[in-house]
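Let's take a walk through a protein model together. Keep the picture open and turn it around as you read.

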Amino acid sequence: MNKHPRRPPRLIACAVAAVTLAAILAAPVLLPSGPFAAATAHAQNSGGADGPRRAAHAKKAPPPPSAAAAQQHQLPARTPFTAAEDEAAAIPSMPDARFWADSTADFNRALPSQPGPWLILSTGGSDGAFGAGLLNGLSAAGNRPAYSVVTGVSTGALMAPFAFAGSRYDDALKAAYTQISAADVFEVGSTGESFVDSWPLKDLIAKQITPALLADIAAEHRRGRRLFVITTDLDAQRSVVWNMGAIAVHAVDDGGDAAPNLFRSVLLASGSVPGAFPPVLIAVESNGKKFSEMHADGGVGGQFFVAPLGLTASTSGYRIPATQLYIVVNSGLQSDFAVVQPTTPSILTQAVGMAVNVDLRLMLDRIYVAAKNSGTGFNVAAIPASFSAPSRGPFDPQYMGALFSVGFDQGRSATPFASAPPPYPGQPPSTQSNDSDQPQANDPKPGADR
């Protein structure tokens, strides 16, 4: 039996986002629950250990907007283009702004010339408060290195610029994950392409990504560090890596609004679950032809990003050029028990939560093996199973504040990271390696390179 109040379900795995949209339609409480998040699902039923709490916060669905209102919000008609044209497309005047996430050559060219520690920030919705707290705790303990590479997906993408710019932005990162309300992120109502309107999130990003922050990111990029954010090109069904430091350099050197607007649009796109939030159109050019690509949540291609999937395959001999990998999982990895009621939102909520959990564990296992084969240190931090603070709904500051505190205490502790993925429930000890060089889940590493 689940003896703790259930935490809000984790961020939607975009592989099952289309299914979850039905739950959003059926219950508007199934809305984003993280400061720069995509969408999370909150069940509305009244059964199970946490049933009374969820039932108390269930809301009636507002009437759907009229067809005319939805039409006013729809994206403009798109210029047709081919797969070959999209393959060669680039951002006008910013050829170094991005590359395909499956391009090993482009990935290797974009990396720093010298190896160093990498910080990998996962999806997670409002649970990004854990990662924000962890980074603040590492700073407080003096154990936070200047990561040579920082990558972020979805809510991880929105915290990545602050993490990359350094500890002087810790207060801004904390505020972003403890002082944001739902009204700062979305407006209920269909837009024609999605079930909610994310214009408040767009405005919030514009306020957060200041000229000073862009200048600091550009300066770190010039020193050789790299900041990567992942989106999904829905037209091509491929992930895209955005070189945010290079975009920041253009913002500083070129002047004008093009580069700052692109930087902010990429962050908005990385947290826009298809169908739940509106996609983001990004203008590109290919052999003189101009058109717009449709970009959405980076989590479609995976819950976090380390390297092109082909390079981390079990058959690959690629050596990850990092001294240490620090993976921050903005989620718990344990199952969330609940007696599922026979309603669409309840069924989809439980199914999505399980799908995300499985995806995260599979990715962690894959990267753990790739790191071991590369001789690279592996470190992972996830929300502890003991965390049990209840949530009163999306963007609950008390819930996120409690989770931030848990992350902060873990970051400040002597063992903020484990050196192997947590064992699966019921995994016999005999199935774990006995090799002396094999790190175990209870053998944590400190939060900084020595």
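We'll look at a strand and its neighbours, then a helix, and end with a cavity.

A quick word on the ground rules: this is a predicted model, so local features need pLDDT of at least 70, side-chain atom pairs count only at pLDDT 80 or more, and totals for chains, interfaces and linings use all residues. Residues are numbered from 1 along each chain as its sequence is written, and side-chain values use heavy atoms, with hydrogens and water left out.

Start with strand β6, residues 226-233. Helices (H or I, at least four residues) and strands (E, at least two) are DSSP runs, numbered from the N terminus. Is β6 buried or exposed? Eight of its eight residues are buried, where buried means under 20% relative accessible area, exposed over 50% and partly exposed in between, using a 1.4 Å probe and protein chains only. Both faces are covered: R226, F228, I230 and T232 sit on one side, while L227, V229, T231 and D233 sit on the other.

So which strands pair with β6? Two strands pair if DSSP finds at least two bridges between them. Strand β3 (residues 149-153) runs parallel to β6, and five bridges join them; look for V149 opposite R226. Strand β7 (residues 238-243) is antiparallel to β6, with six bridges, and here F228 has N243 as its bridge partner. Follow the chain through the hairpin of β6 and β7 and you'll cross four residues between the strands, with Q237 taking a positive phi near 55°. Strand β9 (residues 289-296) is also antiparallel to β6, over two bridges, and D233 stands opposite H295 there.

Now hop over to helix α7, residues 155-165. Here, too, the cover is thorough: 11 of its 11 residues are buried, among them M159, F162 and F164. Just after α7 comes G166, with a positive phi of about 110°.

Last stop: the cavities. On a 1 Å grid over the protein atoms alone, a cavity is a set of points where a 1.4 Å probe fits but cannot get out, and lining residues have an atom within 4 Å of a point. A volume is the space filled by probe spheres set on the points, which are joined across faces, edges and corners. The structure has three cavities of 30 Å³ or more, and the second largest has a volume of about 50 Å³. Its lining includes L311, Y318, V369 and N373. By class, that lining has five nonpolar, four polar and no charged residues; Ala, Val, Leu, Ile, Met, Phe, Trp, Tyr, Cys and Pro count as nonpolar, Asp, Glu, Lys and Arg as charged, and the others, Gly among them, as polar.

Notes. On a 1 Å grid over the protein atoms alone, a cavity is a set of points where a 1.4 Å probe fits but cannot get out, and a pocket is an open set with protein on both sides within 12 Å along at least five of seven lines; lining residues have an atom within 4 Å of a point.
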